[in-house]
Amino acid sequence: MNTALATTTATTPALRRETPPLRHCSLAKPSVFRLNRVGFKSGVQTIGKSLLRISASNQSASAAVNVAADTSIPSEMKAWVYSEYGGVDVLKVESNIAVPVVNDDQVLIKVVAAALNPVDAKRRQGKFKATDSPLPTVPGYDVAGVVVKVGSAVKDFKQGDEVYANVSEKALEGPKQSGSLAEYTAVEEKLLALKPKNIDFAQAAGLPLAIETADEGLVRTEFSAGKSILVLNGAGGVGSLAIQLAKHVYGASKVAATASTGKLELVRSLGADLAIDYTKENIEDLTERFDVVFDAIGMCDKAVKVIKEGGKVVALTGAVTPPGFRFVVTSNGDVLKKLNPYIESGKVKPVVDPKGPFPFSRVADAFSYLETNHATGKVVVYPIP
């Protein structure tokens with residue numbers, strides 16, 4: 001999946017401050033961040049007297065999180081970092097990473113939950129070196145959390161707002177050096193939306209990049225009411241949302257989707273009229289043709305064979321076979337705002353992989369799981385200390 005950053009914490013190419021390092025906090029000890037307590041700790045004293053209580057209702061991660069919503073923000077934070085490109089082993093958790101500077105058009109978010117995307121892994125592997133931000137990098141595009149500070153030019157958000165976002169405007173062109181797998185992240189106002197009221201932070205964190213990608217793909221194929229669509233990898237992060245948007249937002253006449261045997265019922269529940277078991281059926285053998293094929297798995301060469309005359313194929317990964325095309329999603333808070341009513345009405349539902357949420361201490365494990373390519377929906381990290 002593709003995405004990139006517009007504005008990084010360019011004022012500090014190095015994330016670590018030029019001060020004596022704090023001792024690393026042991027993530028194995030829950031005392032670093034206790035749920036249902038007042039305040040939070042991050043190698044500093046408990047901060048702030050004005051506290052905002054946040055409820056998270058995910059059944060696998062139900063807890064109350066107390067977040068300081070004042071200006072007493074620490075200068076350093078815990079974050080996952082990599083200083084060289086490579087496999088999962090280059091990821092390290094550090095406790096003395098500089099809290100991002102907030103520009104005039106940005107807000108500072110106390111991160112409650114984050115989510116992983118394939119682009120995170122590809123970026124860490126060095127596949128986008130030419131356009132990447134400087135190392136070291138705090139990875140992470142998707143975030144859900146609470147605004148604790150606003151820049152002078154910010155108009156629509158205030159301290160205490162519960163928000164979510166894809167933090168990098170472009171996924172591959174200079175994505176943020178300081179992303180969402182940290183206690184704090186700075187995000188431009190134009191990328192933000194208020195968190196839908198009916199979902200928790202873990203669910204919200206899994207939406208931004210994937211739902212923006214699904215929506216932009218449908219827009220670029222000129223999808224509209226009455227058209228048919230085949231979604232390849234319908235149980236994946238983007239595919240699960242492409243099914244729902246096509247059916248419940250854009251008014252598809254028919255939605256077909258591929259999935260493995262055990263996930264066929266899931267894609268049906270999301271709105272697929274036809275669920276195709278890719279372990280038993282070859283899409284090239286389908287007699288039906290579709291107006292659009294949304295290829296979220298890398299089978300463009302086969303996808304182009306099942307479109308109608310004049311049909312379109314959008315491919316997120318793998319080689320592109322004409323007339324298929326690929327795009328790099330642009331993060332846009334207006335897209336999230338547009339889709340919020342459908343989420344709050346229950347027509348569009350986040351899908352969080354049942355193996356998660358992964359706690360902050362297991363981000364490396366979460367990446368290892370993501371990179372098996374067998375995740376259902378989104379791989380979410382929650383809670384974040």
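Biologist: How many nonpolar, polar and charged residues are in the lining of the largest pocket?
Modeller: The lining has 17 nonpolar, 12 polar and 7 charged residues. Nonpolar here covers Ala, Val, Leu, Ile, Met, Phe, Trp, Tyr, Cys and Pro; Asp, Glu, Lys and Arg are charged, and the others, Gly among them, are polar. This is a predicted model, in which local features need pLDDT of at least 70 and side-chain atom pairs count only at pLDDT 80 or more, while totals for chains, interfaces and linings use all residues. Residues are numbered from 1 along each chain as its sequence is written, and side-chain values use heavy atoms, with hydrogens and water left out.

Biologist: What is the space in the largest pocket, and what counts as a pocket?
Modeller: The largest pocket holds about 840 Å³. On a 1 Å grid over the protein atoms alone, a pocket is an open set of points with protein on both sides within 12 Å along at least five of seven lines; a cavity is a set where a 1.4 Å probe fits but cannot get out, and lining residues have an atom within 4 Å of a point. Points are joined across faces, edges and corners, and the volume is the space filled by probe spheres set on them.

Biologist: Which lining residues are closest to the centre of the largest pocket?
Modeller: P118, N233, A296, I297 and N373, out of the 36 that line the pocket. The elements giving two or more residues to that lining are α1 (118–124), α4 and β11 (254–259). Helices (H or I, at least four residues) and strands (E, at least two) are DSSP runs numbered from the N terminus.

Biologist: Where is N233, and what is its phi?
Modeller: N233 sits in the loop between β10 (228–232) and α4. Its phi is positive, about 70 degrees, although N233 is not a glycine. At 25% relative accessibility N233 is partly exposed, because buried means under 20% relative accessible area, exposed means over 50%, and partly exposed is in between (1.4 Å probe, protein chains only).

Biologist: And N373, buried or exposed?
Modeller: Exposed, at 66% relative accessibility. N373 is in the loop between α8 and β15, and it also has a positive phi, about 65 degrees, without being a glycine. Most residues other than glycine have a negative phi, and most peptide bonds are trans.

Biologist: Which residues does a cis peptide bond join?
Modeller: One cis bond joins G356 and P357, with omega about 0 degrees. Another joins Y382 and P383, with omega about -5 degrees. P357 lies in the loop between α7 and α8, and P383 is in the segment after β15 (379–381).

Biologist: Changing topic. How many cavities of 30 Å³ or more are there?
Modeller: The count is 1. About 50 Å³ of space lies in the largest cavity. Its lining divides into 5 nonpolar, 4 polar and 2 charged residues. Helix α4 (residues 237–249) gives the most to that lining, with 3 residues. Among the lining residues are Q203, L241, K349 and V351.

Biologist: Where is V351, and what does it touch?
Modeller: V351 lies in the loop between α7 (333–344) and α8 (363–370). Leaving out residues up to four places away in sequence, V351 touches S240, Q244, L270, T376, G377 and K378; contact means heavy atoms within 4.5 Å. V351 is buried, with a relative accessible area of 15%. V351 and L241 are 110 residues apart in sequence, with 8.3 Å between their C-alpha atoms.

Biologist: What about P74, buried or exposed?
Modeller: P74 is buried, at 10% relative accessible area. Its loop runs between β2 (63–68) and β3 (76–81). The C-alpha atoms of P74 and Y184, 110 residues apart along the chain, are separated by 9.8 Å.

Biologist: Strands now. Why is β6 described as largely enclosed by the rest of the structure?
Modeller: Because 7 of the 9 residues of β6 (residues 142–150) are buried.

Biologist: Which strands does β6 pair with?
Modeller: Strand β5 (residues 106–116) is joined to β6 by 8 bridges and runs antiparallel to it. Strand β7 (residues 162–166) pairs with β6 in the antiparallel sense over 5 bridges. Two strands pair if DSSP finds at least two bridges between them. V111 has G145 in β6 as its bridge partner, and D142 has N166 in β7.

Biologist: How many helices and strands in the protein, and what share of residues is buried?
Modeller: There are 8 helices and 15 strands, and 58% of the 385 residues count as buried. Among contacts between residues at least 6 apart in sequence, 71% join residues at least 24 apart.
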